[in-house]
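Me: I would like to go through the labels attached to this model and ask, for each, what justifies it. Please set the values against the criteria as you answer.

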Amino acid sequence: MLQNLILRTEESITEASELITTEFSDVTVPAFTLIIQGLAMVLMIAAVIAGFIMIRRHCVNWGSSILAGAGAYMLFSLVVYYLVFFGLSRIPGISEKFSSSAMLFVILSLVIGTVCDFLAVYLGMKYVVSQNTKRNMYYDLGTPAAFALAMYGVSLFIGIPNSLIPAPLSSSGGGIFYFFSLFLAVNSAGFDALVTSLVQNGAAQADAITWLSACIDQTLWVYIFEMFFVIARFVFFLCASVIAYGVLREKLEKKYIGFIAAYVFLALLPIVLANIGLNAIICTAMSIVFAAAVFYYTLRIVKQKMPEELERVSHKIENRNNRRDQDKQKPMPKIVMPKD
């Protein structure tokens with residue numbers, strides 16, 4: 001809901017019939033905070049681009065994996081996620097319980113988010129593997145890597161959930177991209193105008209003021225640590241996709257499917273803890289530790305169960321065009337006629 005609001009222009013925000021006046025009327029976000037967030041966004045986008053370049057140099061047949069990863073995340077982690085909450089809110093009494101019990105909402109978000117992300121990884125990879133098998137195409141560990149990077153790239157902009165900063169006015173936080181847009185709206189339209197729009201769209205006035213002021217009052221370190229948290233999320237996507245790839249190619253036993261759900265759960269757990277009051281920086285440290293442990297354990301599994309796959313992707317693929325050019329430049333062999 002809020003992500004649509006912050007994209008409005010200043011004129012549309014201030015068209016309220018009666019502007020709500022708060023004690024934070026003159027509050028603005030420091031320019032240095034916006035600069036740091038802007039740099040963080042540039043770095044994350046650059047990291048995604050660099051990841052795709054590395055995959056292109058070390059892997060083959062990655063195009064369909066990118067499309068499948070982006071599509072799977074948008075279908076399950078966005079559409080299905082919101083449809084489930086929408087359906088629950090239509091059940092008599094459920095919406096009132098959501099409003100009265102923040103803990104219930106947070107727990108349901110963890111459960112539903114785990115299920116949706118699991119389906120996105122497993123069913124998405126299943127589609128990729130089946131399509132490559134039908135077409136008799138070569139594929140390796142670069143397939144789940146491209147798949148995971150596409151999911152991660154989409155999650156940066158959609159942000160479900162992609163932040164450790166509690167967001168009680170929406171079903172998830174949106175990470176640095178989300179708060180950068182929010183703070184631009186505050187500085188351009190004003191704190192009161194944004195609160196007025198939130199109230200017009202169904203939020204309680206006291207909740208809107210408390211939440212928006214809390215977001216602005218966060219220390220700069222919290223938003224810097226957000227970047228590390230978002231980077232750690234890619235590790236969970238990557239490792240879960242690798243495990244799914246191994247199971248679907250029958251290189252890992254079926255029991256490893258549980259690892260996918262466990263990885264997704266560990267990725268979401270720090271967000272839940274942050275939403276129930278644990279310090280965001282502590283939650284970031286937890287996420288980094290979880291990600292490091294998951295990566296280490298997954299690497300051990302790959303080395304033991306799929307060593308040939310790891311060997312293939314560790315070497316750079318030769319550029320076919322360069323090789324063709326080199327072949328053209330080679331001199332014609334001399335034919336020596338035998339003497340009579």
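Reply: What follows takes the labels in turn, for a model that is predicted.

Me: Why is the pair of Tyr-73 and Phe-237 called edge-to-face?

Reply: The two ring centres lie 6.0 Å apart with 80° between the planes, and because a pair requires centres within 6.5 Å and edge-to-face requires an angle over 60 degrees, both conditions are met. The pair links distant parts of the chain, with Tyr-73 in helix H4 (residues 63–89) and Phe-237 in helix H11 (residues 220–248), 164 residues apart. Both Tyr-73 and Phe-237 are buried, and theirs is one of 9 aromatic pairs found in the whole structure.

Me: What makes the pair of Tyr-256 and Phe-259 tilted?

Reply: Here the centres are 5.0 Å apart and the planes stand at 40°; since stacked applies under 30 degrees and edge-to-face over 60, an angle of 40° falls under neither heading, and the pair is therefore tilted. Ring pairs also join Tyr-256 and Phe-259 with Tyr-263 and Tyr-297 into a cluster.

Me: Why do Tyr-256 and Phe-259 carry the burial labels they do?

Reply: Tyr-256 has a relative accessibility of 9%, so it counts as buried, the limit being under 20%. Phe-259, at 22%, does not meet that limit and is not over 50% either, so it counts as partly exposed.

Me: How do you know that Glu-250 is exposed, and what is notable about its backbone?

Reply: Its relative accessible area is 71%, and because exposed means over 50%, Glu-250 qualifies. Glu-250 also has a positive phi of about 60° although it is not a glycine, and its place is in the loop between H11 and helix H12 (257–275).

Me: How does the length of helix H13 compare with the expected one?

Reply: Helix H13 (residues 280–305) has 26 residues and reaches 37 Å from its first C-alpha to its last, which is close to the 38 Å expected at 1.5 Å a residue. Among its buried residues are Ala-280, Cys-283, Ser-287, Val-294 and Ile-301.

Me: Why are Cys-116 and Cys-283 called buried?

Reply: The relative accessible area is 3% for Cys-116 and 0% for Cys-283, and because buried means under 20%, the label holds for each of these cysteines. The structure holds 0 disulfides, which means that no pair of cysteine sulfur atoms lies within 2.5 Å.

Me: What makes the lining of the second largest pocket nonpolar for the most part?

Reply: By class, the lining has 23 nonpolar, 5 polar and no charged residues. The pocket has a volume of about 770 Å³ and is lined by 28 residues, of which Met-54, Ala-145, Phe-234, Leu-238 and Phe-295 lie nearest its centre. H3 gives the most to this lining, with 8 residues, while helix H7 (142–158), H11, H13 and helix H14 (307–313) are also among the elements that each supply at least two.

Me: Which classes of residue line the largest cavity, and what volume does this cavity have?

Reply: The lining has 8 nonpolar, no polar and 2 charged residues, and because Asp and Arg count as charged, Asp-117 and Arg-233 in the lining are the charged ones. The elements giving two or more residues to the lining are helix H6 (102–134), H11 and H12. The volume is about 80 Å³, and the structure holds 1 cavity of 30 Å³ or more.

Notes. Residues are numbered from 1 along each chain as its sequence is written. This is a predicted model: local features need pLDDT of at least 70, side-chain atom pairs count only at pLDDT 80 or more; totals for chains, interfaces and linings use all residues. Side-chain values use heavy atoms; hydrogens and water are left out. Helices (H or I, at least four residues) and strands (E, at least two) are DSSP runs, numbered from the N terminus. Buried means under 20% relative accessible area, exposed over 50%, partly exposed in between (1.4 Å probe, protein chains only). The expected span of a helix is 1.5 Å times one less than its number of residues. On a 1 Å grid over the protein atoms alone, a cavity is a set of points where a 1.4 Å probe fits but cannot get out, and a pocket is an open set with protein on both sides within 12 Å along at least five of seven lines; lining residues have an atom within 4 Å of a point. Grid points are joined across faces, edges and corners, and a volume is the space filled by probe spheres set on the points.
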